Amino acid sequence: MIDIHAHILPGIDDGPTTMREAVEMLRAAEQSGVRKIVATPHFNPMYRWFNYRSDQLDALYQELCREAKSNGLSIEIYPGMEIRASDEVPELLSANRLQPYHDTRYLLVEFDNWESEQWCKKILNTLVSSGFIPVIAHPERYEFVLDKPWMVYDWLEAGCEIQLTKASILGRFGGLIQDISNDFLEREWVSFVASDAHGVDHRTPEMKSAYDFLSKYYSSDYATKLLHDNPQKLLLGQPLEKG
Ligand SMILES: [Fe+2]
């Protein structure tokens, strides 16, 4: 499996606080069958997570890669970022201050719990017309989406991709979020399922449960597509197969 959304860089957002915990998260990911994982620290100035691209951030990423190796892990770590949508994001991207997925045109984009539908559409259209492919992080968790779930279809039509979170599909955020996750899965609106891991004890990087759930209630082909094939294409910067 390939996990495209994980907070595994220590000490810079609400993910692990220490390098030791970060390595334990990587170990748990690897033990559950994850071979590649993307480090997606928050870029969210509203929460004071100012994780712009920098030599410092790159050094931390390199240090985590070294620590993983020296602790006997073979999981590969790729660079990414969970970018909180704002009017400033297009300019920050063109100034190379934010980190797309592994230097492809794919971007992990997060919204707040309450946003205006029109503003979301505007910002996503701006990103798409600049050549980016926004991957919307966990739309099933936003209250404004629960109100009007069909807006997700408009995002797909606009050229975006959808990432659901493991805990949502397993029902750990409640029945409503699980129901809407299943609705999106049944409509085949979903391109990726990821851990959105934050630690070793809860919101973990373990992904076998997601694979088992998707295989049991959908099919092993669908599980493989969402947990391996599409993530692999994303890392290579290739278009996803549709239909
Ligand atoms: Fe996240």
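Which residues coordinate the iron ion, and through which atoms? In this predicted model, the iron ion is held by His5 and His7, each through NE2, together with Glu82 through OE and Asp196 through OD, at 2.1 to 2.2 Å. The angles among the four donor atoms run from 80 to 167°, and the site of the iron ion is accordingly classed as irregular. Along the sequence, the donor residues follow the spacing H-x1-H-x74-E-x113-D. Histidine 7 belongs to the loop between strand E1 (2–6) and helix H1 (19–31), whereas glutamate 82 belongs to strand E5, so that this pair ties together parts lying 75 residues apart in sequence. Histidine 7 and glutamate 82 are both buried.

Strand E5, which contributes glutamate 82 to the iron site, is also a member of an open sheet of six strands, arranged in the order E3-E5-E6-E7-E8-E9 with parallel pairing. The edges of this sheet are occupied by strand E3 (42–43) and by E9, each of which has a single partner strand, so one side of each remains without a neighbour in the sheet.

Within the sheet, strand E6 (residues 106–110) is mostly covered, five of its five residues being buried. In a regular strand, side chains alternate between the two faces of the sheet. For E6, Tyr106, Leu108 and Glu110 lie on one side and Leu107 and Val109 on the other, and the burial of all these residues leaves both faces of the strand covered. Strand E5 (residues 82–84) runs parallel to E6 and is joined to E6 by three bridges, with isoleucine 83 standing opposite valine 109 of E6. The connection from E5 to E6 passes through helix H3 (residues 89–94), and this β-α-β crossover is right-handed. On the pairing of E6 with strand E7 (residues 133–137), four bridges are found, again in the parallel sense, and leucine 108 has valine 135 of E7 as its bridge partner. Here the chain crosses from E6 to E7 by way of helix H4 (residues 117–129), in a β-α-β crossover that is right-handed.

Strand E6 is also approached by a residue from a remote part of the sequence: the C-alpha atoms of tyrosine 106 and leucine 234, which are 128 residues apart along the chain, are separated by 6.8 Å. Leucine 234 is part of helix H10 (residues 220–236) and is buried, with a relative accessible area of 0%.

The sheet continues from E7 to E8, which pair in the parallel sense over three bridges; in this pairing, alanine 137 has glutamine 163 of E8 as its bridge partner. Strand E8 (residues 161–165) is mostly covered, with five of its five residues buried. Both of its faces are covered, since Glu161, Gln163 and Thr165 on one side are buried, as are Ile162 and Leu164 on the other. Three bridges, likewise in the parallel sense, pair E8 with strand E9 (residues 192–194). In this pairing, glutamine 163 stands opposite phenylalanine 192 of E9, while leucine 164 stands opposite valine 193 of E9. Glutamine 163 thus appears both as the bridge partner of alanine 137 and opposite phenylalanine 192.

A buried polar side chain was examined in helix H8 (residues 175–186), where serine 181 is located. Serine 181 is buried, with a relative accessible area of 0%, and a polar atom of its side chain lies 2.7 Å from the backbone oxygen of isoleucine 177.

With respect to the cysteines, the count of disulfides comes to zero. For cysteine 120, the closest cysteine sulfur is that of cysteine 160, at 10 Å, which is too far for a bond, given that a disulfide requires the two sulfur atoms to be within 2.5 Å. Cysteine 120 is buried, with a relative accessible area of 0%, whereas cysteine 65 is partly exposed, with a relative accessible area of 22%.

Key:
Residues are numbered from 1 along each chain as its sequence is written. This is a predicted model: local features need pLDDT of at least 70, side-chain atom pairs count only at pLDDT 80 or more; totals for chains, interfaces and linings use all residues. Side-chain values use heavy atoms; hydrogens and water are left out. Buried means under 20% relative accessible area, exposed over 50%, partly exposed in between (1.4 Å probe, protein chains only). Helices (H or I, at least four residues) and strands (E, at least two) are DSSP runs, numbered from the N terminus. Two strands pair if DSSP finds at least two bridges between them. A crossover is right-handed if, with the strands pointing away from the viewer, the path from the first strand over the helix to the second runs clockwise. Donors are N, O and S atoms within 2.8 Å of the metal (3.2 Å for Na, K and Ca); water is not among the atoms, so sites may look incomplete. Four donors count as tetrahedral if all angles lie between 85 and 135 degrees; four count as square planar and six as octahedral if opposite donors are over 155 degrees apart and all others between 65 and 115; anything else is irregular. A polar contact is a pair of N or O atoms within 3.5 Å; within protein, one must be able to donate a hydrogen and the other to accept it, and residues adjacent in sequence count only if both atoms are side-chain atoms.
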